[in-house]
Amino acid sequence: MIIVTRLDRTRFAVNPDLIERIQASPDTTLHMVDDRVYVVVEDLDVVIDLIVAYRARVLGAAHSLTSQTGA
């Protein structure tokens, strides 16, 4: 999950695997696969960086688990 901020400054977590596309015009909007749309404070580049960091954490955790089990 990544944490983003609505325009009213409330924060929420979203599963980045369910984001279909991200648009900045001028507000950043997350368009989800279930057709929901979220408008967030974070810039497009920041959201992408959050997704990249999330995926790196997932890969790191998977690598750690396989190293522990010897797989």
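# Reading a predicted model, feature by feature

Reader: Which residue forms a salt bridge with Glu-20, and how far apart are the closest N and O atoms?

Author: Glu-20 pairs with Arg-21, and their closest N and O atoms are 3.9 Å apart. A salt bridge is called when a side-chain nitrogen of Lys or Arg comes within 4 Å of a carboxyl oxygen of Asp or Glu, so this pair is counted. Keep in mind that the model is predicted. As for its surroundings, Arg-21 is partly exposed, because its relative accessibility is 41%.

Reader: How many salt bridges does the count come to?

Author: The count is three salt bridges. One of them joins the side chains of Arg-55 and Asp-17, at 2.7 Å from N to O. This pair connects distant parts of the chain: Arg-55 belongs to helix α1, Asp-17 to the loop between β2 and β3, and the two positions lie 38 residues apart in sequence. Arg-55 is partly exposed because its relative accessibility is 37%, and Asp-17 is also rated partly exposed, with a relative accessible area of 44%. Another salt bridge is formed by the side chains of Arg-36 and Asp-34, with N and O at 3.2 Å.

Reader: Where is Asp-34 found?

Author: Asp-34 sits in the loop that runs between β4 and β5.

Reader: Why does Asp-34 count as partly exposed?

Author: Partly exposed covers the range between buried, under 20% relative accessible area, and exposed, over 50%. Asp-34 has 48% relative accessibility, so it is put in the partly exposed class. A separate reading is distance through space against distance along the chain: Asp-34 and Leu-18 are 16 residues apart in sequence, and their C-alpha atoms are separated by 8.0 Å.

Reader: What is the phi of Asp-35, and in which loop does Asp-35 lie?

Author: Phi is a backbone angle, and its sign is worth reading residue by residue. Asp-35 has a positive phi, near 75°, and is a residue other than glycine. Its place is the loop between β4 and β5. Asp-35 is exposed, because its relative accessibility is 67%. Arg-9, also not a glycine, has a positive phi of about 75°. Arg-9 is in the loop between β1 and β2, and it is rated exposed because its relative accessible area is 60%.

Reader: Which residues does a cis peptide bond join?

Author: The angle to read here is omega. Ser-25 and Pro-26 are joined by a cis peptide bond, with omega about -15°. Pro-26 belongs to the loop between β3 and β4.

Reader: How many residues does helix α1 have, and what does it reach from its first C-alpha to its last?

Author: Begin with the helix in general. Residues three or four places apart in an α-helix point the same way, because there are 3.6 residues a turn. Helix α1 covers residues 44–69, which is 26 residues, and spans 38 Å from its first C-alpha to its last, close to the 38 Å expected at 1.5 Å a residue. Within α1, the residues Val-47, Ile-51 and Tyr-54 are buried. Their cover includes β1 (2–5), β3 (19–24), β4 (28–32) and β5.

Reader: Is Ser-64, found in helix α1, buried, partly exposed or exposed?

Author: Ser-64, a residue of helix α1, counts as partly exposed because its relative accessibility is 33%. The C-alpha atoms of Ser-64 and Thr-5 are 30 Å apart, with 59 residues of separation along the chain.

Reader: How many residues has the largest nonpolar core?

Author: A core is read as a set of buried nonpolar residues whose side chains are joined. The largest one here has 12 residues, among them Ile-2, Phe-12, Ile-19, Leu-30, Tyr-38 and Ile-51. Two or more residues come from each of β1, β2 (11–14), β4, β5 and α1. The largest share, three residues, is given by α1. Take Ile-19 as a case: apart from neighbours within four places in sequence, it is in contact with Ile-2, Leu-30, His-31, Met-32 and Ile-51.

Reader: Which residues form a nonpolar patch on the surface?

Author: Nonpolar side chains can also be found on the outside. Leu-7, Val-37, Val-39 and Val-41 make up such a surface patch, and together they have about 280 Å² of accessible area. Val-39 is part of strand β5, residues 37–40. It is rated partly exposed because its relative accessibility is 30%.

Definitions and conventions:
Residues are numbered from 1 along each chain as its sequence is written. This is a predicted model: local features need pLDDT of at least 70, side-chain atom pairs count only at pLDDT 80 or more; totals for chains, interfaces and linings use all residues. Side-chain values use heavy atoms; hydrogens and water are left out. Patches are made of residues with over 30% relative accessible area and no salt bridge: like charges are joined within 9 Å, nonpolar side chains (Val, Leu, Ile, Met, Phe, Trp, Tyr) within 5 Å. Accessible areas come from the Shrake-Rupley method with a 1.4 Å probe; for residues, only the protein chains shown count as cover. Helices (H or I, at least four residues) and strands (E, at least two) are DSSP runs, numbered from the N terminus. Buried means under 20% relative accessible area, exposed over 50%, partly exposed in between (1.4 Å probe, protein chains only). The expected span of a helix is 1.5 Å times one less than its number of residues. Contact means heavy atoms within 4.5 Å. A nonpolar core is a set of buried Ala, Val, Leu, Ile, Met, Phe, Trp, Tyr and Cys residues joined through side-chain atoms within 4.5 Å.
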